[in-house]
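Me: Pick a single part of this model and take a close look at it for me, atoms and percentages included. Start with the charged side chains, then work outward to whatever lies around in the fold.

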Amino acid sequence: GMLVETSALMPQARIEADRVVEGLHLDLGQALARRLGRDLVAKPVPRKRLAEALQRGEGDLLCDYQSDWLPGAFAWSKPFLPDQALLISAATVPAPAALTALTGQPIGTVRGYVYPEMTDALRAGFLRDDAPDAVANLQKLELGRIRHALTGRRVLEYQQRIGRFHLALHPPLVVSEVLAQCALSPSSPVGLAALNAAIQGLVSEGELNRLLGKYR
């Protein structure tokens, strides 16, 4: 089984009545399960229970995380799932030449997320303006409540593609490049070598790019 965070939003996942009905996590889980000769069961779990659920074997696999985000005795796959943390600015305000230009200006953030690069660049000048989730954060920018926001490229491109986000932006500043991983439960019947081989196949045969392309 694959664990999916209940608070996940598209393009990562859409959850209805305790079922994962669509999204990148489901596509990825199905593609990996097919390569491993298994059937996929996707199970939504609240973020604060993810580590415990994986530890206890309520699911075998959790993807789109990094080892420093999730403490525990898990085997981690090779990094392979790309995303970028972007700083985006409304086209109606001057484009910041660098992150340091934003010292003391409110920046749209998501509650519970850490932004180490911003903290390093701005120190005490990093003024967070927290939204409950990534989509609400983009909406605040579009409504003009903030002028700058931090977002993942995947979320931004998906919201633009489905026509939910129309605001004209300056070219974004790339804050960090992320290559996320999958974590295996200690009780998973799938071994790390088999998982990495399945991931390598997804990447080298272009299947991962096709899956990501559905949401751009």
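**A charged network and the fold around it**

Reply: Let's start with Glu 52, which counts as partly exposed because its relative accessibility is 36%, between the 20% and 50% cut-offs. Keep in mind that this is a predicted model, and every number below is computed from it.

Glu 52 has two salt-bridge partners to look at. With Arg 56, the closest N and O atoms are 2.7 Å apart. With Arg 49, the N to O distance is 3.7 Å, and that still passes because the limit for a salt bridge is 4 Å. The two arginines sit in separate accessibility classes: Arg 56 is exposed at 57% relative accessibility, whereas Arg 49 is partly exposed, with a relative accessible area of 28%. Salt bridges with shared partners go on to link Lys 43, Arg 49, Glu 52, Arg 56 and Glu 58 into one network.

That brings in another pair of the network, Glu 58 and Lys 43, whose closest N and O atoms are 3.4 Å apart in a salt bridge. Lys 43 belongs to strand β4 (residues 42-45) and Glu 58 to the loop between α2 (50-55) and β5, so this contact ties together parts that are 15 residues apart in sequence. As for solvent, Glu 58 counts as partly exposed at 24% relative accessibility, and Lys 43 falls in that class too, at 34%. For context, the count for the model comes to 18 salt bridges.

Now outward, to the nonpolar side of things. The largest nonpolar core has 24 residues, and the members touching the most others are Leu 28, Leu 32 and Leu 195. At least two residues of this core come from each of α1 (24-36), β5 (61-65), β11 (173-184), α6 (192-204) and α7 (207-213). So β5, which comes after the loop that holds Glu 58, is also one of the elements feeding the core.

Leu 195 is a handy place to stand if you want to look around in there. Skipping its neighbours within four places in sequence, Leu 195 is in contact with Leu 32, Leu 36, Leu 61, Ser 77, Cys 182, Leu 184 and Val 190.

Leu 28 and Leu 32 both appear on the list of buried residues of α1, along with Leu 24, His 25, Leu 26, Asp 27, Gly 29, Ala 31 and Ala 33. If you like a quick geometry check, the 13 residues of α1 should span 18 Å at 1.5 Å a residue, and its end C-alpha atoms are indeed 18 Å apart, which agrees. Just after α1 comes Gly 37, with a positive phi of about 70°.

β11, another contributor to the core, leads us into the strands. It pairs with β7 in the antiparallel sense over seven bridges, and one spot to click on is Pro 82, whose bridge partner in β11 is Leu 179. β7 (residues 81-89) is mostly covered, with seven of its nine residues buried. β7 also pairs with β10 (residues 148-152), again antiparallel, over five bridges. There, Ala 85 has Gly 152 as its bridge partner in β10.

Stay in β10 for a moment and look at Thr 151. A relative accessibility of 8% makes Thr 151 buried, because the cut-off is 20%. Leaving out residues up to four places away in sequence, Thr 151 touches Gln 84, Ala 85, Leu 86, Ile 88, Leu 138 and Leu 156.

If you follow the chain out of β7, there's a loop between β7 and β8 (106-110) that holds Thr 100. Apart from residues up to four places away in sequence, Thr 100 touches Ala 121 and Leu 122. For a sense of scale, Thr 100 and Thr 6 are 94 residues apart along the chain, and their C-alpha atoms are separated by 35 Å.

One last stop, for the rings. The structure holds three aromatic pairs. Among them are Tyr 65 and Trp 69, which meet edge-to-face, at 5.9 Å centre to centre with 75° between the planes. The label fits because anything over 60 degrees counts as edge-to-face. The two residues are not covered alike: Tyr 65 is buried, with a relative accessible area of 10%, whereas Trp 69 is partly exposed at 45%.

How values were computed: Residues numbered from 1 in each chain as written. Predicted model: local features only at pLDDT ≥ 70, side-chain atom pairs only at ≥ 80, totals over all residues. Heavy atoms only, no water. Core = buried A, V, L, I, M, F, W, Y, C linked by side-chain atoms within 4.5 Å. Buried < 20%, exposed > 50% of the residue type's maximum accessible area, 1.4 Å probe, protein only. Helix = DSSP H or I, 4+ residues; strand = E, 2+ residues; numbered from the N terminus. Contact = heavy atoms within 4.5 Å. Salt bridge = Lys/Arg side-chain N within 4 Å of Asp/Glu carboxyl O. Pairing = 2+ DSSP bridges. Phe/Tyr/Trp six-rings, centres within 6.5 Å; stacked < 30°, edge-to-face > 60°. Expected span 1.5 Å × (residues − 1).
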